[in-house]
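Please look through the model shown below, first for its charged side chains and then for the way one of its helices is laid against the rest of the chain.

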Amino acid sequence: MKTLSDESARPQSKADLFISFSLLSLQGFGGVMAVVQRELVERKQWLTREEFIEDWAIAQTMPGPNVVNLSVILGARYFGPMGALAAFAGMLAAPLALILIIAILYAPFASHPQVSGALKAMGAVAAGLILATGVRLIGALKNNPLGMPLCLLLAAFCFIAVAILRMPLVYPLFGIGLLGCLLAYRRLRP
């Protein structure tokens with residue numbers, strides 16, 4: 001398994017970061033986590049599964065879109081502030097242009113039921129991709145300080161709170177997330 005110290009497992013330049021994150025941003029609709037995990041861990045091998053989970057967790061705690069935060073983290077790690085800027089620009093430039101074009105084309109058709117149905121279907125596809133990525137990454141929980149059973153229990157509580165009880169995500173994120181952080185801290189401290 002490659003690590004961050006392995007020279008072949010890193011972006012070759014700021015242009016490589018820009019192009020890679022531009023291509024990643026164009027592959028997703030409504031969330032690109034599944035695509036990012038596949039590209040960065042399995043295809044490019046810039047990160048191991050464990051590194052991806054750690055960096056993704058950090059990206060989720062920062063304000064803004066998670067995948068944009070992850071691009072900034074990786075860009076800064078490999079090439080400093082200019083790398084962060086290159087990855088950030090790559091993540092946003094093409095989607096911004098596409099969204100502007102789509103908004104102009106969408107306006108005349110916004111009230112059509114077929115358009116509304118298509119957007120709902122795309123939301124279901126995005127949810128399925130995220131779920132598939134979670135299932136693929138579950139093996140990395142073996143190395144988590146909390147252990148797989150407790151991690152799965154916390155995930156189940158979060159799912160119940162959001163999907164069944166319809167709580168806003170912010171409450172389980174801070175409640176269950178804080179509990180998970182405290183438990184991990186207790187197990188990791190000397």
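The paragraphs that follow take up the salt bridges and then helix H6.

The coordinates belong to a predicted model, and within it the count of salt bridges comes to four. Side chains of opposite charge can pair when their charged atoms come close. Three of the residues involved, Arg-38, Glu-39 and Arg-43, are linked in a network of salt bridges. In this network Glu-39 pairs with Arg-38, their closest N and O atoms being 3.9 Å apart, a separation that qualifies because the cut-off is 4 Å. Glu-39 also pairs with Arg-43, and here the closest N and O atoms are 2.7 Å apart.

The placement of Arg-43 and Glu-39 along the chain helps to make sense of their pairing: both lie in helix H2 (residues 33-43), and because they are four residues apart there, they are separated by about one helical turn. An α-helix has 3.6 residues a turn, so residues three or four places apart point the same way. The members of the network are set in unlike surroundings, for Glu-39 counts as buried at 9% relative accessibility, whereas Arg-38 is partly exposed with a relative accessible area of 33%, and Arg-43 counts as exposed at 56%.

Another salt bridge joins Arg-77 to Asp-55, with the closest N and O atoms 2.8 Å apart. This pair links distant parts of the chain, since Arg-77 belongs to helix H4 (residues 66-106) and Asp-55 to helix H3 (residues 49-61), with their positions 22 residues apart in the numbering. Of the two partners, Asp-55 counts as buried, at 6% relative accessibility, while Arg-77, at 36%, counts as partly exposed.

We turn now to helix H6. Its 17 residues (148-164) should span 24 Å at 1.5 Å a residue, and the C-alpha atoms at its ends are 23 Å apart, which agrees with that expectation. Which residues of H6 are buried? They are Cys-151, Leu-154 and Ala-161, and, seen down the axis of H6, the buried residues fall within an arc of 90 degrees, so they line one face of the helix. What covers these buried residues includes helix H7 (170-188). On the other side of H6, by contrast, Pro-149, Phe-159 and Ile-164 are exposed. Just after H6 the chain reaches Arg-166, which takes a positive phi of about 60 degrees.

Key:
Residues numbered from 1 in each chain as written. Predicted model: local features only at pLDDT ≥ 70, side-chain atom pairs only at ≥ 80, totals over all residues. Heavy atoms only, no water. Salt bridge = Lys/Arg side-chain N within 4 Å of Asp/Glu carboxyl O. Buried < 20%, exposed > 50% of the residue type's maximum accessible area, 1.4 Å probe, protein only. Helix = DSSP H or I, 4+ residues; strand = E, 2+ residues; numbered from the N terminus. Expected span 1.5 Å × (residues − 1). Arc of directions from axis to C-beta. Contact = heavy atoms within 4.5 Å.
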